[in-house]
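Colleague: I am new to this structure and would like a close look at a single part of it. Could you take one strand, walk me through what lies around it, and explain each term as you go?

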Amino acid sequence: MKTKQNFKILSAISIVLFLAISAYFFKAMTENTRMETNLDEYMPKDHPDFKYSDQAEEWFQIKDGIIIAIEHQESIYNPESLRKIKELSKALQDMDAFDDNEVKSLYTSDNIVGSAEGMEVESFYKRVPKTDEELTLLRHKVRDNEMVQGRLVSESETIALIIAGINDGAFSEDLYNEILTLAESYQSDQERIYVAGRPIVEGTLGLLGPEDMKRMVPLVIAVILLVLYWMLRSIRATAATLLTVFLSTVWAFGLMAATGIPIYSVSTMIPVMLIAIGVAYGIYFFNHLKQFLMANPEADLLAGLSYTLRKLWKPLTMAAFTTIIGFISLLSSEVYPIKYFGIFTAFGIAVSYLLALLFLPAITILWGYRIKNRPNRKVASSPSSQNVQALTEGILRRKKLIYVLTGAIILFSIWGIQKVWINSSFLDKFEKDSDIVQTDAFINQHFGGTSTLNLVLESETNDAFKQPEVLELIDKLQSEAVAIPEVGSSFGLTDYLKRMNKVMNSEMEAYYTIPESVEMVAQYLLLYEMSGDPENLTKVVNYDYNRTNFTFQLKGDDSKTIHAALAIVESYRPAFEAHGVALNFAGSGYKALVFTDLILEGQLLSIAISLGLVFLLLSIMFRSIKAGLIGSLPIILTAIISFGVMGLLNIPLSTTTALLSSIAIGIGVDYAIHFLQNYRNYLDESSNASEALQRTMQTTGNAIWNNALVVIAGFLVLLFSVFPPNRMLGALVSMNMFTSFLGTLSLMMVVIHASRLFQKNKSK
Amino acid sequence: MKTSLLTIVGSIIIFLFSPGNLQAQLSGEAIMVKVYELPTGDNTQGELIMTLTNKQGEERVRKLTQYLLNEGDTEKKIMFFTAPADVKGTSFMNWSYSSGKDDDQWIYLPALKRTKRISSSGKGDYFMGSDFTYDDLGDRHPTSDTHQLVREEGLNGVDCYVVESTPKDPDYMYSRTLTWVDKSRFIGLKRAFYDEDGDLLKILTIKSIDEINGILTILETEMEQVQKNHRTNMKFSNVKVNQGISANKFTERSMTLGQ
């Protein structure tokens, strides 16, 4: 009795301790948590591609544009629509997020026009044209200017754009709402207003994802709670298990807050990992406890706990250690959010592990634990022992079938893996029929494109971009690029020069060409500086004329489209190099592409590293390379199937989907270790391989089944999410859990049996 | 009637309590009128080196020969580019009218062998890609603004009046300017320009002044665009004042001659 009392005090102390630390982390979380929504912050600053792009963005004020489109049923050349263009332009200019000269519209644009006696740079309109003559005149002015027609006004003349380049880091939820409200207030019966552009897509994504998660997470937890209760048959055990998951998440995010590291979008995957793994720990714990208490109805709780801990600490330690190593391998990534994801998930798992070994026993002592089922009654959740026995025998009898099936699935998956493609698109994360995708398609249909790619050309020689032969080459590249369907239009220094050449030669189409001499180029540019807004030129060329920026409007922000444009440009690289001109790319679309590649490279590398480490650790732990190989099977299988299915279902690899393969390691290792450890124990006890397998299937198999079921049930809820990436998340987590479970209980078991693992020739 | 009475009473109150009403002290307006009336040469010529420096520290240097002729109601200016080489021979002519009508501008491009008229839609346009607008370069008539003497202070050892000028036209490109006026010579030495939002936009500094042929002449001036971290420096040399320039210099034909 005395010891019992002592244990109670000890438990109370440890719980208080855990709660105190949790409270500290919770406080840190509430005080310091910061979401990082600026995507630039995700990118490795010292990577040459990003460094270059950031530099170029500063040189040429390359900014992401928010696009407001005004569509009028008949024609935008009416006083009302023109007034709206003017007012919207001015409203955007008044916002701090946009510099005045970053707002481009028919109202703000310069019109370079020729007259019999010279050239003029003027506004298209200042006062809103009212009379038919004025309107017709404006319409002709726009039609004659290839720098505006098709760029700011559609060929159909029914849509006009206002494009506002947003300042770095100026995007916020408030601004987003302000712009949407502003745009909406200009809607009318005749006019529709659309809002698009990368900041809007990123913003909507940044808002929609977490918002949807806020709705879905309680549902996921509720389902996990129900299924867990159905299995454990104890409110206290269910609550204790969920509490460990909750606390480990609080610790992980609390530490993040305490160390001043913001939450990145991939960080939202940390709770997913901790749920999958924490629930498993709870289930192993209570399964062992229950089995002992059922087998020894006379024994008291302390004896049960001590048995459970004795049985559990070793596989749990091995599993936790291996999983932690697996996640720490993510440190090999060049991308900080991924590194942090690895570290904090590893930390969370370490906490889960501690909680399973210390907190769960403590809280069980305090709360008490009763099994509702009589020992002789069947446990509803777990398959009856006869069924398990029959199943195990059935599986073992059909070894060949399992091998063939696994082989077929692997082959099929490998075929699928070859179809896997990487996608850095933000738009593709939305439903095809969502407003944002439709708006984007609408603008793409009528204009150059909503996505941009910047090409920066550089030369060592000053005035290189005044040389007609270099400019001709660029012009050729531009026309070849816009000829492919992925590229809508292009814009740069050449467009100014061609326009001016034409204007200075009585608007003759034949002169819409690159001027013939360096002097002519230089003098046109001087002329433009003297009569136009020289700020415009600084966006396309530097003072020394040895660095120039070309913007390509693309029809999509997906990797395939960007690669198509890049390919054309790349084909010109040798020709440019012959002129001593180097090619580089810049802009957010390009950075996203490089970034995604970087993440995936890192992710594939870290999967390889962690596989190697897991194999090594398993081999050491079980002192057998054979065990190492066999234990790695479920992970390999899960990873291969995971990528295979993505390829087959045309799910592109993205940061989220790639990280999901980490689950394969986290869960796969857990299953394999528990199974192998228990199997070895039983084998030591009975030395009959089949019987040991049977017993392992009854206990560990059951726990694995329970764990898989709980997590799958929980994450399947996400299939009802309105946000496609969250649906994908639900489906892939569930699938990974399922393949891990199936791989362990079928293939791995069969291989264990066939390879006579751990059998020291005793069975003979 | 009531309003006007109120205005009068109000004016008296303001007059009585305003700090700057001491007889001995010049009003802001009087100072600016004196600055405006400072004699300038009727004709001036010289070499000009214009250096633009951008945020990245890159420089764009242009050398020009400049001629100026003041015909009373018309101010004529002609400039010939001497460097860089690819624009050598390019000339630019500007006629500005005291009547307030838009300037007439011509440019001669030797590569095109043609003189073209260009048009600037207003005085707010920037002069040759510099940080100076045409208006910054010209003399703004003191009646366009209301002036107030805000303080007196030393500027690099020179005693100055600091006058705040607020444009009467609310749509003017600056919301206000502050001018540091040399107390003894009545010449502006520094001017701060504030944008529509009331934020500091540009600072003009006179770096060198000399008396040439009895006329106070600015030899070096620099405009700094504070918000964009951009700078324009103009340096004059070989300046000749009131040595006589023929009106024939300011014709389209003379533009093509390249000097």
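Modeller: A good place to start is a single pair: in β5(A), the bridge partner of A:I66 is A:A164. Before going further, please note that this is a predicted model, in which local features need pLDDT of at least 70 and side-chain atom pairs count only at pLDDT 80 or more, while totals for chains, interfaces and linings use all residues. Residues are numbered from 1 along each chain as its sequence is written, and chains are lettered from A and ligands numbered from 1 in the order in which they are written.

The names of elements follow DSSP runs, with helices (H or I, at least four residues) and strands (E, at least two) numbered from the N terminus. Two strands pair if DSSP finds at least two bridges between them. β1(A) and β5(A) are joined by 7 bridges and run antiparallel, and β2(A) is joined to β5(A) by 3 bridges, again with an antiparallel course. On the β2(A) side, A:V103 stands opposite A:A164 of β5(A), and A:F98 stands opposite A:I166 of β5(A). A:A164 therefore appears in two of these pairs, facing A:I66 and A:V103. Seen as a whole, the open sheet consists of 4 strands in the order β2-β5-β1-β6 of chain A, with antiparallel pairing. Its edge strands are β2 (98-104) and β6 (191-196) of chain A, each of which pairs on one side only. Neighbouring strands of this sheet are turned by 20° against each other on average, direction ignored, where the axes are lines fitted to C-alpha atoms, for helices over the stretch in contact, and angles run from 0 to 180 degrees between N-to-C directions.

How much of β5(A) is buried? A residue is buried if 20 or more other C-beta atoms, placed from the backbone, lie within 10 Å of its own, exposed if 12 or fewer, and partly exposed in between. By that rule 8 of the 8 residues of β5(A) are buried, so the strand is largely enclosed by the rest of the structure. In a regular strand the side chains alternate between the two faces of the sheet. Both faces of β5(A) are covered, with A:I159, A:L161, A:I163 and A:G165 buried on one side and A:A160, A:I162, A:A164 and A:I166 buried on the other.

A helix also belongs to this picture: α13 (residues 435-446) of chain A lies across β1 (65-72), β5 and β6 of chain A, and runs at about 100° to β6(A). Contact here means that the C-beta atoms of two residues, placed from the backbone, lie within 7 Å.

The strand also takes part in a meeting of domains, whose bounds come from an automatic or database domain assignment. For chain A that assignment gives domain 1 (1-32 + 233-380), domain 2 (65-196) and domain 3 (446-586). The centres of domain 2 and domain 3 of chain A, taken over C-alpha atoms, are separated by 24 Å, and their contact takes 17 residues from domain 2 and 18 residues from domain 3. On the domain 2 side, β3 (110-115), β4 and β5 (159-166) of chain A each supply at least two residues, and β3(A) gives the most, with 4 residues. By class, this side of domain 2 has 9 nonpolar, 5 polar and 3 charged residues, where Ala, Val, Leu, Ile, Met, Phe, Trp, Tyr, Cys and Pro count as nonpolar, Asp, Glu, Lys and Arg as charged, and the others, Gly among them, as polar.
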